[in-house]
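Student: I'd like to take a close look at one part of this model. Could you walk me through a single helix and its surroundings?

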Amino acid sequence: MLEKTTRMNYLYDFYQALLTPKQRSYMSLYYLDDYSLGEIAQQYEVSRQAVYDNIKRTEAMLEEYEKKLSLFQKFQKRKQLMNQLKDYVLQKYGEDKQLFDMIKELEELE
């Protein structure tokens, strides 16, 4: 469950601009703020089932966006390559502060 939550949080971060305000709100409350379906339903004065259906449809949409655009997959690959680069630089150029500063700047752009 934690893995799914982490994935949904990343997908939400990447694709939230493509969602409706209600979808953004439900996903934010459910995944980021850890509200229960009942709490969200009460806040919006809808049924728990309506919230559940909306969240499930939105999850499917986020997965579809990822399938087409691969922003999360590319992010993970960049992160992996950055870690490999840092390890390599540490081994080969351990004393080069300027090189480490440039790598740090690249990481901050993420």
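Tutor: Happy to, and we will follow one helix from its span to its two faces and its end. Keep in mind that this is a predicted model. Let's take helix 4, which covers residues 48-69 and has 22 residues. From its first C-alpha to its last it reaches 31 Å, close to the 32 Å expected at 1.5 Å a residue.

Now look at which residues are tucked away. In helix 4, the buried ones are Val-51, Asn-54, Ile-55, Thr-58, Glu-59, Leu-62 and Glu-66. These residues cover an arc of only 140 degrees around the axis, which means they sit on the same side of helix 4. A general rule helps here: an α-helix has 3.6 residues a turn, so residues three or four places apart point the same way.

What does that buried side meet? The buried residues of helix 4 pack against helix 1, helix 2 (21-32), helix 3 (37-44) and helix 5. Turn to the face that points away from the buried side, and you find the exposed residues Arg-57, Lys-67 and Lys-68.

Finally, follow the chain to the end of the helix. Just after helix 4 comes Ser-70, with a positive phi of about 60 degrees.

One more residue is worth finding within this stretch: Tyr-65, which ring pairs link into a cluster with Tyr-10, Phe-14, Tyr-15, Phe-72 and Phe-75. Of these partners, Phe-72 is buried, at a relative accessible area of 6%, and Tyr-15 is buried too, at 1%. Tyr-10 is partly exposed at 27%, and Phe-14 is partly exposed at 28%.

Terms used
Residues numbered from 1 in each chain as written. Predicted model: local features only at pLDDT ≥ 70, side-chain atom pairs only at ≥ 80, totals over all residues. Heavy atoms only, no water. Buried < 20%, exposed > 50% of the residue type's maximum accessible area, 1.4 Å probe, protein only. Phe/Tyr/Trp six-rings, centres within 6.5 Å; stacked < 30°, edge-to-face > 60°. Helix = DSSP H or I, 4+ residues; strand = E, 2+ residues; numbered from the N terminus. Expected span 1.5 Å × (residues − 1). Arc of directions from axis to C-beta. Contact = heavy atoms within 4.5 Å.
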